[in-house]
Amino acid sequence: MFRTYGLLLAVFLPFCGYSQSLKEHHIESDELSIVKSQYIKATANQSGLYRGSDYIGYPLRFKGGHQFFELAEPAYGTVFYDGMAYKDIRIWFDIMKDQVLVQHTDGISRIVLHNELVEEFSIFGHQFTHIRAGESSMSEGFYDLVYQGNTEVLVKRSKVTVKDVSLDGVFLKVLRQRNQFFIKRNGNYYVIEGLGSVLKVLGSKQKEIQAHLKENKLKYRKEPEETIVRAVALFDKLKG
């Protein structure tokens, strides 16, 4: 009797172990399938965003700066690309090449979006709009729309660099960020080079604008962007 029972255990226990192993395998497979399904679902709506090319960068290393707007690290932002809005995307804006980059799903590589498909994007609280060739007298590119009302203020941002040759090698050194200011009024774009050109473009309400700037201690030479925005905002308010 005990001998028979022992034989049954010898046969049954390995089978139980196999069944348990098979069950655990199915559980692991199911969990993997769920994770994979969630990943596919999460990236499916963004798949159209990764149709660009790999970001090459620059042949020379940077010394004392970088090529990007604000920070060298990406910022979460929104990009309107090929008719679709993509939110909470990790974005870099190379203002030297005028290229918008996004983080690839591999978390390592960076993709350069096709400029012709980018309508606008926003990072660091700034909204960049794409002005295309032939639409106006403006050069094609991405412009920072810093004020939008009946009148608009735009900034073309870039960086000035020089080659730095030393015993350590040849580098690119960033001297400063360059900002070109424009006002859009009645469908036309005007280059702004000083407070005089701001007042000339606006045409009226000059005394009120100058008094407002003086009251707020704003001077074009020290704070050109803030000065232009405050002047144009007051102009729009006064004109109603």
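This text describes one helix pair and several salt bridges in a predicted model.

The helix pair consists of α2, residues 195–202, and α4, residues 224–239. Their axes come within 11 Å and cross at roughly 20°. Because angles under 35 degrees count as roughly parallel, α2 is classed as roughly parallel to α4. The crossing in which α2 passes α4 is right-handed. On the α2 side, the contact is made by Leu195, Val198 and Leu202. Helix α4 contributes Thr227, Ile228, Ala231, Val232 and Phe235. By residue class, the contact of α2 with α4 comprises 7 nonpolar residues and 1 polar residue, with no charged residue.

Attention now turns to charged side chains. Over the whole structure, a search finds 6 salt bridges. Three of the pairs are described below, and each has one partner in strand β10.

One of the salt bridges joins the side chains of Asp164 and Lys63, with an N to O distance of 3.6 Å. Asp164 belongs to strand β10 (residues 152–166), whereas Lys63 belongs to strand β2 (residues 61–63). The pair thereby links distant parts of the chain, 101 residues apart. The two partners are assigned to separate accessibility classes: Asp164 counts as buried because its relative accessibility is 17%, while Lys63 has a relative accessible area of 34% and is therefore partly exposed.

A second salt bridge is formed by Asp98 and Lys156, whose closest N and O atoms are 3.2 Å apart. Here Asp98 is located in the loop between β4 (84–94) and β5 (99–103), and Lys156 is in strand β10. These positions are 58 residues apart, so that distant parts of the chain are again linked. Both Asp98 and Lys156 are buried.

The third pair returns to helix α4. Glu225 forms a salt bridge with Arg157, and the closest N and O atoms are 3.1 Å apart. Since Glu225 lies in helix α4 and Arg157 in strand β10, the pair ties together parts that are 68 residues apart in sequence. Glu225 counts as partly exposed because its relative accessibility is 24%. Arg157, by contrast, has a relative accessibility of 4% and therefore counts as buried. The Glu225 and Arg157 pair also belongs to a network: salt bridges that share partners join Asp144, Arg157 and Glu225.

Helix α4 thus appears in both parts of this account, through its contact with α2 and through the salt bridge from Glu225 to Arg157 in strand β10.

Methods:
Residues numbered from 1 in each chain as written. Predicted model: local features only at pLDDT ≥ 70, side-chain atom pairs only at ≥ 80, totals over all residues. Heavy atoms only, no water. Axes fitted to C-alpha atoms, helices over the stretch in contact; angles between N-to-C directions. Helix = DSSP H or I, 4+ residues; strand = E, 2+ residues; numbered from the N terminus. Parallel < 35°, antiparallel > 145°, perpendicular 65-115°, else oblique. Left-handed = near helix turned anticlockwise from the far one by under 90°. Contact = heavy atoms within 4.5 Å. Nonpolar A, V, L, I, M, F, W, Y, C, P; charged D, E, K, R; others polar. Salt bridge = Lys/Arg side-chain N within 4 Å of Asp/Glu carboxyl O. Buried < 20%, exposed > 50% of the residue type's maximum accessible area, 1.4 Å probe, protein only.
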